[in-house]
Amino acid sequence: MKMKILFICESVGGGVRRHLVDIIKNLPSDQFQIHLIFSSNRADEIFKGEMVYFKEKGIILYDINEMSREIDIRKDIKSLYKIYKIAKNINPNIIHCHSSKAGALGRVIGILLKKRTFYTPHAYFAQNNMTSKRKKRFFVLLEKVLAKISYMTINVSDGEKQFALKEKIVTEQKSTVIYNGIQPIEITNNVEQKSDKFIVGTIARVDEQKNPWLFIKIAERVIEKSPNILFKYVGDGPELPKIEKYLKENNLEEKIQFLGFAKQPEYHLSEFNIYLSTSLYEGLPYSIIEAMVLKKALVLSNVTGNNELLINEYNGELFHLNDSSKAVSSILSIYYNKSKMELYGKNSYLLYQQKYSLEKMITDLKNLYLSAE
């Protein structure tokens, strides 16, 4: 008899969507029956394009559009009631929640229905060092309470797990690490983008967590020293209108390009020479793993998740968030030293092969589910 898995994910966009879609597509269909609760208000275009495939493959979808990122008591109670009714009808063997809002609602449902509940946070909000101490204490406390009613927390990086252990959110016995994994990326010659420019780029949401204003600050300083370098930022988000206005007012649109949402961001990624991340905090970002697959040199903020994918001066260089000058010097050093760029790119690919394959992620997750029975 197939094991029933109920996934709950409020925000099916970006890296979380990528993670969930890869799991759903690759769990063996002869062993697992998959149900997914999501919010269409928080789904990106790529996920919406996958919905037809899911239905054809017998994956059962439930849209609860009341689920939202913000705390809203009325909407949250309504969402909780709807999820409860759906879950009770499905009677799943396991509930697996992704990200904070789904994690809160889903774990309450799990305790009500006496189901084993897994939780993948995809980076704790409290990991953001820029947040206030009061807000951090609140979210740590909330995660502690919810962890007590979880069967297992699945962290996507060891750094994320160590943060949770340090803050006493989880115990060693009730947490594990399963790294994000992806398949090799194939870019065909007829669609691969070519450029005679040296390009420093990123693929990320244009929001507070990804720190796009620091990306611009670094870009401006690099361009002052070497105007032939082009910066590209691929992604959409709430900060984009302000940024577009700033770039236009300062005549920077040609040098620092914010390109918005892309259905196939790997085509942009293929033309990057350096992948730059300015994130405030991370789980284990897919876009950086993709950059590693495509043999890119990395310059990353020294935060959890990023610093697990980068071994300093092996496949790139780390910089502290309060030291943007280090990011500038790293980019220029790689720009003027082609052999260094090629070595970093080669080593990025070697690290990917060793730790971040899709096959390993699915095998580890499948074994964890089966061991919970």
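**Exercises on rings, cavities and single residues**

Lysine 25 lies over the face of tyrosine 53, 4.9 Å from the ring centre. The model is predicted: local features need pLDDT of at least 70, side-chain atom pairs count only at pLDDT 80 or more, and totals for chains, interfaces and linings use all residues. Residues are numbered from 1 along each chain as its sequence is written, and side-chain values use heavy atoms, with hydrogens and water left out.

**Exercise 1. Charges over rings**

Task: State which ring arginine 107 lies over, and at what distance from the ring centre.

Solution. Start with the rule: a charge sits over a ring if NZ of Lys or CZ of Arg is within 6 Å of the ring centre and within 35 degrees of the ring normal. Next, apply the rule to arginine 107, which lies over the face of tyrosine 119 at 3.6 Å from the ring centre.

**Exercise 2. Aromatic pairs**

Task: Count the aromatic pairs, then explain why the pair of phenylalanine 138 and phenylalanine 139 is put in its class.

Solution. A pair of aromatic rings is described by the distance of the centres and the angle of the planes. Rings of Phe, Tyr and Trp (its six-membered ring) pair if their centres lie within 6.5 Å; planes under 30 degrees apart count as stacked, over 60 as edge-to-face and the rest as tilted. By this rule there are 19 aromatic pairs. For phenylalanine 138 and phenylalanine 139, the ring centres are 5.1 Å apart and the planes stand at 80 degrees, so the pair is edge-to-face.

Then look at accessibility, where buried means under 20% relative accessible area, exposed over 50%, and partly exposed in between (1.4 Å probe, protein chains only). Phenylalanine 138 has a value of 43% and is partly exposed; phenylalanine 139, at 23%, is also partly exposed. Elsewhere, one aromatic cluster is formed by Phe32, Phe118, Tyr151 and Tyr369.

**Exercise 3. Enclosed and open space**

Task: Describe the lining of the largest cavity, of the second largest cavity and of the second largest pocket.

Solution. First, the terms. On a 1 Å grid over the protein atoms alone, a cavity is a set of points where a 1.4 Å probe fits but cannot get out, and a pocket is an open set with protein on both sides within 12 Å along at least five of seven lines; lining residues have an atom within 4 Å of a point. Grid points are joined across faces, edges and corners, and a volume is the space filled by probe spheres set on the points.

Second, the cavities. There are two cavities of 30 Å³ or more. The largest cavity has a volume of about 50 Å³, and its lining consists of His19, Ile23, His96, Thr120, Ile154, Val156, Ile178, Met361 and Leu365. Two or more of the lining residues come from each of α1 (14-26) and α14 (358-371); helices (H or I, at least four residues) and strands (E, at least two) are DSSP runs, numbered from the N terminus. The second largest cavity holds about 40 Å³, and residues lining this cavity include Ile178, Tyr179, Lys355, Met361 and Asp364. Helix α14 gives the most to this lining, with three residues.

Third, the classes. Ala, Val, Leu, Ile, Met, Phe, Trp, Tyr, Cys and Pro count as nonpolar, Asp, Glu, Lys and Arg as charged, and the others, Gly among them, as polar. The lining of the largest cavity has six nonpolar, three polar and no charged residues, whereas that of the second largest cavity has four nonpolar, three polar and three charged.

Fourth, the pocket. The second largest pocket has a volume of about 220 Å³. Of its 13 lining residues, Ser29, Phe32, Ile34, Lys57 and Ile59 lie nearest its centre. The largest share of the lining, three residues, comes from β2.

**Exercise 4. Around helix α12**

Task: Place serine 324 and leucine 321, and list contacts of each beyond four places in sequence.

Solution. Serine 324 is in helix α12 (residues 324-335) and is buried, at 7% relative accessibility. With contact meaning heavy atoms within 4.5 Å, serine 324 touches Leu214, Lys217, Ile218 and Arg221, its neighbours within four places left aside. Leucine 321 sits in the loop between β13 (316-319) and α12 and is partly exposed, at 22%. With the same exclusion, its contacts include Met130, Leu214, Thr278 and Val303.
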